[in-house]
Amino acid sequence: MSSEILDRGLILDAGRVTEAAAIAAWKLVGRGDEIAADQAAVDAMRTALNSLAINGEIVIGEGERDEAPMLYIGEKVGLGKGAAIDIALDPLEGTTLTAKAMANALAVMAWAPKGTLLNAPDTYMDKIACGPGYPAGVIDLDKSPADNVKALAESKGVSPETITVCILDRPRHADIIASVRSVGARVQLITDGDVAGVMNTADPATGIDLYIGQGGAPEGVLACAALKCVGGQFQGRLVFRNADERARAARVGITDFDKKYDLHEMVRADAIFAATGVTNGALLDGVSFKDGFVHTHTLVMNSSTREVREVRMKRPV
């Protein structure tokens, strides 16, 4: 990886970009307007990115150019000098969570050397993930949820009853939930925000051991960047509901529509990942305004060094 990308200043800049998006989104927490909250975060993140000495290209963004006026896939950001990087981002991961003032809304971003992040189309992806400390291959997308729970429990030296699995609360996951519970494991359902759901597997304090389910493919790339920084495991497979979604995949260079990707195929080089809390959550505190100051809570991770910086920022409003 280019030393420019791992420059200390640029690593800290990644956190400043997600901070800007989180603060902008926070102003619309609880106001019931998902579109306005997302747009505020997009505008703030784009402005912050364009102030940096990078030669960036959005590979995971707000959608294709015709659908997204800003931060669309293929958009160039930065001052056009310095490191050439791929950027994956979600200015507001949890638009519904923000609009309803619910937990775990985040502003997230990852970057890596140009050409090393999977150009995931805006489709669904079947996913399974766990945190660090397990032998390679302990989880397998092609095994049943029950078998994955038992394998993880055996590797951990505990009974399946002590394992907690995070799953998006969707009707399509009824069979997964039933399979997990059939071996006595706990299920923690979340309403939205599967980047945060995957990230929770990497922090023992959250109590989450495993993530299973179908969510957005772009969010899968972001989650992989985070896990790469701490040594977790991830597998994913794109899910196509129609010919248009297959065409989207083909446009970004996907040729094997049935491929099972692992973490290192989705993020093929060292990466930087940053996340700032918008609302309070299991991993991060949300934005707050107190006594004339704005407070933020950010994680910035570097996969080349396995460093995780926890940054609490306070500045005058």
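Asn 104, Ala 105, Leu 106, Ala 196, Asn 200, Thr 279, Asn 280, Gly 281, Leu 283 and Leu 284 line the largest cavity of this structure, which is a predicted model. The space in this cavity comes to about 40 Å³, and the structure holds one cavity of 30 Å³ or more.

The largest pocket encloses about 970 Å³ of space; among the 39 residues of its lining, Asp 90, Thr 95, Asp 122, Gly 216 and Glu 219 are the closest to its centre. At least two lining residues are supplied by each of α2 (34–49), β3 (83–93), α3 (95–99), β8 (210–216) and α7 (217–230), and the largest share, five residues, comes from α2. The make-up of the two linings by class is set out below.

| Lining | Nonpolar residues | Polar residues | Charged residues |
|---|---|---|---|
| Largest cavity | five | five | none |
| Largest pocket | 15 | ten | 14 |

Strand β8, which contributes to the pocket lining, also pairs with β6: two bridges join these strands, which run parallel, and Val 165 stands opposite Leu 210 in β8. Strand β6 (residues 164–168) is largely enclosed by the rest of the structure, because five of its five residues are buried. Thr 164, Cys 166 and Leu 168 point one way from this strand, whereas Val 165 and Ile 167 point the other way.

Strand β6 is also joined by five bridges to strand β7 (residues 186–190), and these two strands run parallel, with Cys 166 standing opposite Gln 188 in β7. Between β6 and β7 the chain passes through helix α5 (residues 174–182), forming a β-α-β crossover that is right-handed.

Methods. Residues are numbered from 1 along each chain as its sequence is written. This is a predicted model: local features need pLDDT of at least 70, side-chain atom pairs count only at pLDDT 80 or more; totals for chains, interfaces and linings use all residues. Side-chain values use heavy atoms; hydrogens and water are left out. On a 1 Å grid over the protein atoms alone, a cavity is a set of points where a 1.4 Å probe fits but cannot get out, and a pocket is an open set with protein on both sides within 12 Å along at least five of seven lines; lining residues have an atom within 4 Å of a point. Grid points are joined across faces, edges and corners, and a volume is the space filled by probe spheres set on the points. Ala, Val, Leu, Ile, Met, Phe, Trp, Tyr, Cys and Pro count as nonpolar, Asp, Glu, Lys and Arg as charged, and the others, Gly among them, as polar. Helices (H or I, at least four residues) and strands (E, at least two) are DSSP runs, numbered from the N terminus. Buried means under 20% relative accessible area, exposed over 50%, partly exposed in between (1.4 Å probe, protein chains only). Two strands pair if DSSP finds at least two bridges between them. A crossover is right-handed if, with the strands pointing away from the viewer, the path from the first strand over the helix to the second runs clockwise.
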